[in-house]
Amino acid sequence: MRTESNQSISSATPAHSAPSRLIARVAIETLTPELFTRRYQIPGVPIILTGVTGSQQDWTLDALSALLNQQKFLLRRYGKERYQQDKRTWPDIGSGVPPESRSFLEYAEMLRSGEAYEQDVYLAKCSIASTPLAESEAVKAIATHLDALGLQPVSTLNLWVGSGHMECLHYDPTDGTLIQMHGSKRVLLFPPSQTANLYPFPFYLHLRHGMRVRAWFSRVYPDRPDFEAFPRLRQALSDRYELVLEPGEALYIPAGWWHEVTALGEGMVCSLNRFWRVSPRRALLSWTRWRAFLGSACALPHVAWSLALAMLSRDRQQKIKAILQMF
Ligand SMILES: O=C(O)CCC(=O)C(=O)O
């Protein structure tokens, strides 16, 4: 029997805030690159694109297991207590969580037994470039559709597989698309103008923690607001967008837009994402991007020191791999 160990998921409007705003859905076939660039990419406006995977997707756990088999992936074990804790006490966040290397079949077993749900074990942001998924019909359809919008990639396609996981509130310094392949995800979004009201970790924290803690993560839980500790959160909540992303849909998330992403239900939920270059004017004027770069720059002395220590240790390869994996 699985317990409600992960943060409770509610799409209802919390009693303390105004109703969520909505994000429009547009069939990708109807968008020309000019239209996409003018309406969404240049101003940095999120949009849900439908029909992105063509009819070629059914990424069930059995289908993924058959294709990925013994291929190794890095998993993050968050543990069931994490979302009960005050985020200010977290020793690590996101890619800063120490990775565990497992074959896909081992992870599939964790998903089937409920361990992945109960212990919140997440296969996060793993490149599919050297896997058979890269050659699949669904990925070809995605590439054709997204290339046609004129976006310029700054990453490969990444795989995200889990059960009940909540990827907590953060933003990325590049534009991104989150593409839903199996199951559904609830996404909460806040515009970059709400950054101060979402209490991000300060960028200088990287001096002390390197890349384990990240300035682009928020210290608040939007669904369980602590207005005493974070009074300005009230303002952010009145400027909140909410949606459920369904298979075959892609959410375009412009750089600096805060997002909290929760896999719905207890079954396996799978997505792909990819990051894209930001339009030059928005890149230059975005404070959220600059503070992320400042944070990364502050992390450099700590990272260099950790690398030096890793070089001197016996299991240096493992340690260096774990440090580099945080980027
Ligand atoms: O799907 C997730 O868990 C997180 C995805 C995400 O943060 C992104 O696509 O930028």
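The following paragraphs go through the structure, from its overall size to its sheets and then to two helix pairs.

The model is a predicted one. The secondary structure of the protein comes to ten helices and 13 strands. Along the principal axes, the C-alpha trace spans about 55 × 50 × 45 Å. How does the radius of gyration fit a compact globule, and what value is found? For a chain of 327 residues, a compact globule would have a radius of gyration near 20 Å, and the protein has 19 Å, so the value agrees with that of such a globule.

We turn to the sheets. One of them is an open sheet of nine strands, and the strand order is β1-β2-β11-β8-β13-β6-β5-β3-β4. The pairing in this nine-stranded sheet is mixed. Its edge strands are β1, residues 25-27, and β4, and each of these pairs on one side only. From one strand to the next, the twist in this sheet averages 30 degrees.

The β4 end of the order can be followed pair by pair. Strand β3 covers residues 72-77 and strand β4 covers residues 99-103; the two run antiparallel and are joined by five bridges. To find one place where they meet, look at K72, whose bridge partner in β4 is S103. Strand β3 also pairs with strand β5, residues 121-127, again in the antiparallel sense, here over three bridges. In this pairing R76 has Y122 of β5 as its bridge partner. Strand β3 thus has β5 on one side and β4 on the other in the strand order.

Elsewhere in the nine-stranded order, β11 is followed by β8. Strand β8 runs over residues 175-182 and strand β11 over residues 250-253, and four bridges pair them in the antiparallel sense. Within this pair, L178 stands opposite L251 in β11.

There is also an open sheet of four strands, with the order β7-β12-β9-β10 and antiparallel pairing. Why is one side of β7 and of β10 left without a neighbour in the sheet? Strands β7 (166-170) and β10 (241-245) stand at the edges and each has a single partner strand, so one side of each has no neighbour there. The twist in this sheet averages 15 degrees from one strand to the next. In the middle of the order, strand β9, residues 185-190, pairs with strand β12, residues 258-263, over six bridges in the antiparallel sense. One position to look for is L189, which stands opposite H259 in β12.

The helices come next. Two packed helices are described by the angle between their axes and the distance between the axes.

Take helix α2, residues 61-68, and helix α3, residues 104-113. Their axes come within 9 Å and cross at roughly 160 degrees. Angles over 145 degrees count as roughly antiparallel, so that is how α2 lies relative to α3. The crossing of α2 and α3 is left-handed. On the α2 side the contact is made by L61, L64, S65 and L68, and on the α3 side by F104, L105, A108 and L111. These contact residues divide into seven nonpolar, one polar and no charged.

The other pair is formed by helix α9, residues 287-312, and helix α10, residues 316-325, whose axes come within 8 Å and cross at roughly 165 degrees. Helices α9 and α10 are therefore roughly antiparallel to each other. Their crossing is left-handed. Helix α9 contributes V303, S306, L307, A310 and M311 to the contact, while α10 contributes R316, K319, I320 and I323. What kinds of residue make up the contact of α9 with α10? The residues there divide into six nonpolar, one polar and two charged.

How values were computed. Residues numbered from 1 in each chain as written. Predicted model: local features only at pLDDT ≥ 70, side-chain atom pairs only at ≥ 80, totals over all residues. Pairing = 2+ DSSP bridges. Axes fitted to C-alpha atoms, helices over the stretch in contact; angles between N-to-C directions. Parallel < 35°, antiparallel > 145°, perpendicular 65-115°, else oblique. Left-handed = near helix turned anticlockwise from the far one by under 90°. Contact = placed C-beta atoms within 7 Å. Nonpolar A, V, L, I, M, F, W, Y, C, P; charged D, E, K, R; others polar. Rg over C-alpha atoms; globule rule 2.2 N^0.38 Å.
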